[in-house]
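Good morning, and thank you for coming. Please look at the sequence and the structure as they come up on the screen.

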Amino acid sequence: MALEIGIAAVKALVVLLMVLQLAGLLGWVERKGSALIQDRIGANRAAVFGFAGAGLVNTLMADPLKFITKEDVVPANADRLLHFLAPCVSLFPALVAFAVIPFGDVLDVGGRVINLQVAPLNVGILYILAMVSLGVYGVVLGGWASNNRWSLLGGIRGSAQMISYELAVGLAIVAMVMTYGSLDLQQMARAQGGVLASWLPVPAWGIFYQPLAFLILLCGGIAESKRIPFDLPEAESELVSGYFTEYSGVKHLMFFMTDFVEVIIVSGLLATMFFGGWQVPFLARDGFHFPGGGVALLPQIVVALLQIVSFMVKVFFFCWLQIMIRWTLPRFRYDQLMRLGWKGLLPLALANVVLTAGIILAVQG
Amino acid sequence: MSLPLFLAFAVLMVASALGVILQRNPVRSALSLVITLFLLAVTFLFLDAYLVALLQVIVYAGAIMVLFLFVIMLLNLGVEPQDPGRLGLKMFGTLAASLLALELIAVARAPGPMPGSGMAGATPPYFGTVEALGTRLFTHYVLPFEITSILLLVAIIGAVVMAKRTPT
């Protein structure tokens, strides 16, 4: 019993630290990547004994230090309690949402089989939706508690936007649940282990079954994380900085981290549901089984490591993709944003659900 | 279900429910309601009803209450002033609350087993899972389920009609 609690605690800690580390690294990718796109040099000022590490010292050491040592300003007549709570309410649900995303199949340690997923919930994907919907409060409260017109406008925009896109995202996920017949992300990842057909040696990943759901979830996911082209809640050119205009120091850093953690969750979801999650093509629990008939057996620990690396590569790819989108596209207008959500993505997602149901009926019946 | 844990959450839930009616600030009241609904979801977790718990968070705490807050913020309601004029309303509220309390006491003191008293002990396998709930909903409760969905559809169409009506 104590051992089991220990294993669960270690898994939770490892995943939490991985998400936080990746969020920090993404700050570096974002600043250096944007510099690359805009033909600048980017963060290169800070250095320790002349060592700048291509901006790593700047983004991973100097920036956090600056945030932590800054004065924490609370505007006059602001609701102090809610002003303090808003960044916490924003960051916490995002951090715990990763618990149901599997980062590997199983790890066999001395006869004890460890499921490489922090929380094997029967209702896994709904848990992520629940946590994301709680994250809205961070935006709403931040906007309201600051006692600032720009913040309030940002908060109102943010809540309307996140509720609107939750619908399309939810319906896209419904189609995926119908495809896999399970809400547990680990089951979904396991279902993508084979090949499409014996004459077509392509991994049976979700993207080949549900390309439309993938596009809807990608758009909706970026909109849920409120990043350009969907960053109307902060829109620097109109609202200064939207719902976190009046935040400085560590509280500002927490909103900043929430952004990146949400990017990582969207990436983890996309990788798990559409690109096999931790699956490596043709890799089963005992080693590689190539379609030509070749077999390369591997020890279990190597298989588990390969799977974890595969999952991390996929997650990092989607993080990179989202950062590239963020620095390439201009911002939507607010009416365009609402039209895309309600008249574009929502009907498409509904049609996708009906189509999926029809195909499942035709195949099974 | 462990009793001390349940009691801790129950006390918190009653406290936050009291916060809904005792706070003067509408935003803080709404937030207390969010906390109450969230703690209610935790109580569902104690009963092994994971799906109901998560739906409670997604639908009530996550969606409906955000709309409440949205409206409060949009109307920019300030702190509600003390209103001594509505004595009739207060008397009506007290009456309704006492009737409810009497009813609860009557149920608790009624002879015979308490409702749900035979359900203590281990829950059957698959209890509260999506499969079990879905099967139940689409076989035993299919008529109420469909009628509810038609009711919601009527409400949506009504909202659209009212929103589209041009001001004269």
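I shall speak about a surface patch and then about the enclosed spaces. Please bear in mind that this is a predicted model.

Let me begin at the surface. A nonpolar patch of about 580 Å² is formed there by A:Leu25, A:Val48, A:Phe49, A:Leu56, A:Leu60 and A:Met61. The most is given by helix 2 of chain A, residues 56-69, with 3 residues. A:Met61 is located in helix 2 of chain A. This residue counts as partly exposed because its relative accessibility is 46%, and the range for that class lies between 20% and 50%.

I turn now to the interior. How many cavities of 30 Å³ or more does the structure hold? There are 3.

The largest cavity contains about 210 Å³ of space. It is lined by 15 residues, and those closest to its centre are A:Val132, A:Gly221, A:Glu224, A:Val266 and A:Leu269. Helices 4, 5, 8 and 10 of chain A each supply at least two residues of this lining, and helix 10 gives the most, with 5 residues. By character, the lining of the largest cavity comprises 10 nonpolar, 2 polar and 3 charged residues.

The second largest cavity holds about 50 Å³. Its lining includes A:Ser90, A:Pro93, A:Met131, A:Val132 and A:Glu262. Helix 3, helix 4 and helix 10 of chain A each supply at least two residues here. This lining divides into 5 nonpolar, 2 polar and 1 charged.

A:Val132 thus deserves a second look on the screen: it appears in the lining of the largest cavity and in that of the second largest.

Terms used:
Residues numbered from 1 in each chain as written. Chains lettered and ligands numbered in written order. Predicted model: local features only at pLDDT ≥ 70, side-chain atom pairs only at ≥ 80, totals over all residues. Heavy atoms only, no water. Patch = residues over 30% accessible without salt bridge, like charges linked within 9 Å, V, L, I, M, F, W, Y side chains within 5 Å. Areas by Shrake-Rupley, 256 points an atom, 1.4 Å probe, with all protein chains shown as cover. Salt bridge = Lys/Arg side-chain N within 4 Å of Asp/Glu carboxyl O. Helix = DSSP H or I, 4+ residues; strand = E, 2+ residues; numbered from the N terminus. Buried < 20%, exposed > 50% of the residue type's maximum accessible area, 1.4 Å probe, protein only. 1 Å grid on protein atoms, 1.4 Å probe; cavity = no way out; pocket = protein on both sides within 12 Å on 5 of 7 lines; lining within 4 Å. Points joined across faces, edges and corners; volume = space filled by probe spheres on them. Nonpolar A, V, L, I, M, F, W, Y, C, P; charged D, E, K, R; others polar.
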